Amino acid sequence: MLGETSVHTTPPALDLERAKKWYQEKLGLTPAEENTAGIRYEAGRGTSFFGYPTPNTSRGGHTQMGFRAADLTAEMTALRGTGVAFEDYDLPGFKTVDGVAEVDGQRASFFKDSEDNILGLIESALPFLDRFRAPTCCSALDGLRTAIVSRLMIEGNRRGSDDRRPAANGALRRRAARPARRDDS
């Protein structure tokens, strides 16, 4: 049904002008479109988000929007240079060190915008695969990604690769090794 569509997020803003200024000054984003309903921003690979005004001050307490980072450390350094402060968490099973959490072979950091929305940065264990991901779902690209991952896992096993992120590779290895489904009907 919706697997072929693109998605976007809609972070709420108590003060839309304040949010607009924050996204410009802190993240370097300028509006692609503004109207009475809100402000739309464009990001990489055909993605976008839409900030809208609301008197509702309640926030979900979870990450409202995430940005992928090829180099989390470099992005954090650049954002800190604009005054962004990263959140620290010490929860059961989830802890940040210097603003960075490492979970299942991925590194992530979190910060809040001017409207108290939690935004995230995530660095994948296999960031080079992002270049093969299209803005919308494409079975040919999905097949290419699977073939690349399979080949890399085979080559890594032959060489005795000691990847420092085994959880992510293990998950990919299991997916690549799963036999294709047969339709027996």
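## The hairpin of β10 and β11

In this predicted model, the hairpin formed by β10 and β11 has five residues between its strands, and Asp116 there takes a positive phi near 75°. The two strands of the hairpin run antiparallel and are joined by six bridges. Across this pairing, Ser109 stands opposite Leu121 of β11.

Strand β11 is largely enclosed by the rest of the structure, because five of its six residues are buried. On the side of β6, strand β11 takes part in a parallel pairing that extends over five bridges, and within that pairing Gly66 has Gly120 of β11 as its bridge partner.

## The open sheet and helix α2

The strands just described belong to an open sheet of six strands with mixed pairing, in which the order is β6-β11-β10-β9-β8-β7. Its edges are formed by β6, residues 63-68, and β7, residues 90-91, each of which pairs on one side only. Helix α2, spanning residues 72-81, packs on this sheet and touches β9, β10 and β11 (118-123), with a direction that makes about 15° with that of β10.

Strand β10, residues 106-112, also pairs with β9, residues 100-103, and this pairing is antiparallel and covers three bridges. Here Ala101 has Ala108 in β10 as its bridge partner. As a general point, side chains in a regular strand alternate between the two faces of the sheet.

## Arg107 in strand β10

What does the side chain of Arg107 make a polar contact with? The partner is the side chain of Thr73, at 3.0 Å. Arg107 has its place in strand β10, and its relative accessible area is 14%, which means that Arg107 counts as buried, the cut-off being under 20%.

## The largest nonpolar core

The largest nonpolar core contains 20 residues, and those with the most contacts inside it are Tyr23, Phe86, Phe111 and Leu121. The elements that contribute two or more residues to this core are α1 (16-27), β4 (38-42), α2 and β11. The largest share, four residues, is given by α1.

Leu121, which was met above as the residue opposite Ser109, has a long list of contacts once its neighbours within four places in sequence are set aside. Among them are Phe67, Ala69, Leu72, Glu75, Met76 and Leu79, together with Phe86 and Phe111. Arg107, Ala108 and Ser109 are also in contact with Leu121.

## Aromatic pairs

A pair of aromatic rings is described by the distance of the centres and the angle of the planes. Ten aromatic pairs are found when the whole structure is searched. One of them is formed by Tyr23 and Tyr41, a tilted pair with 5.6 Å from centre to centre and 35° between the planes. This pair links distant parts of the chain, since Tyr23 is in helix α1 and Tyr41 in strand β4, 18 residues apart. Tyr23 is buried, with a relative accessible area of 3%, and Tyr41 likewise counts as buried, at 2% relative accessibility.

A further pair, formed by Tyr89 and Phe110, is edge-to-face, with 6.0 Å between the centres and 80° between the planes. Because Tyr89 lies in the loop between α2 and β7 while Phe110 lies in strand β10, the pair ties together parts that are 21 residues apart in sequence. Are these two residues buried or exposed, or in between? Tyr89, at 21% relative accessibility, counts as partly exposed, whereas Phe110, at 13%, counts as buried.

Tyr23 and Tyr41 also belong to one aromatic cluster, whose other members are Trp22, Phe49, Phe67, Phe86 and Phe111.

## Tyr52 in strand β5

Tyr52 is located in strand β5, which covers residues 48-53, and at 29% relative accessibility this residue counts as partly exposed. Leaving out residues up to four places away in sequence, Tyr52 touches Thr10, Pro11, Pro12, Ala13, Leu16, Ala37 and Gly38. Of these contacts, Leu16 is 36 residues from Tyr52 in sequence, yet the two are 6.8 Å apart in space, C-alpha to C-alpha.

Definitions and conventions:
Residues are numbered from 1 along each chain as its sequence is written. This is a predicted model: local features need pLDDT of at least 70, side-chain atom pairs count only at pLDDT 80 or more; totals for chains, interfaces and linings use all residues. Side-chain values use heavy atoms; hydrogens and water are left out. Two strands pair if DSSP finds at least two bridges between them. Contact means heavy atoms within 4.5 Å. Axes are lines fitted to C-alpha atoms, for helices over the stretch in contact, and angles run from 0 to 180 degrees between N-to-C directions. A nonpolar core is a set of buried Ala, Val, Leu, Ile, Met, Phe, Trp, Tyr and Cys residues joined through side-chain atoms within 4.5 Å. Buried means under 20% relative accessible area, exposed over 50%, partly exposed in between (1.4 Å probe, protein chains only). Rings of Phe, Tyr and Trp (its six-membered ring) pair if their centres lie within 6.5 Å; planes under 30 degrees apart count as stacked, over 60 as edge-to-face and the rest as tilted. A polar contact is a pair of N or O atoms within 3.5 Å; within protein, one must be able to donate a hydrogen and the other to accept it, and residues adjacent in sequence count only if both atoms are side-chain atoms.
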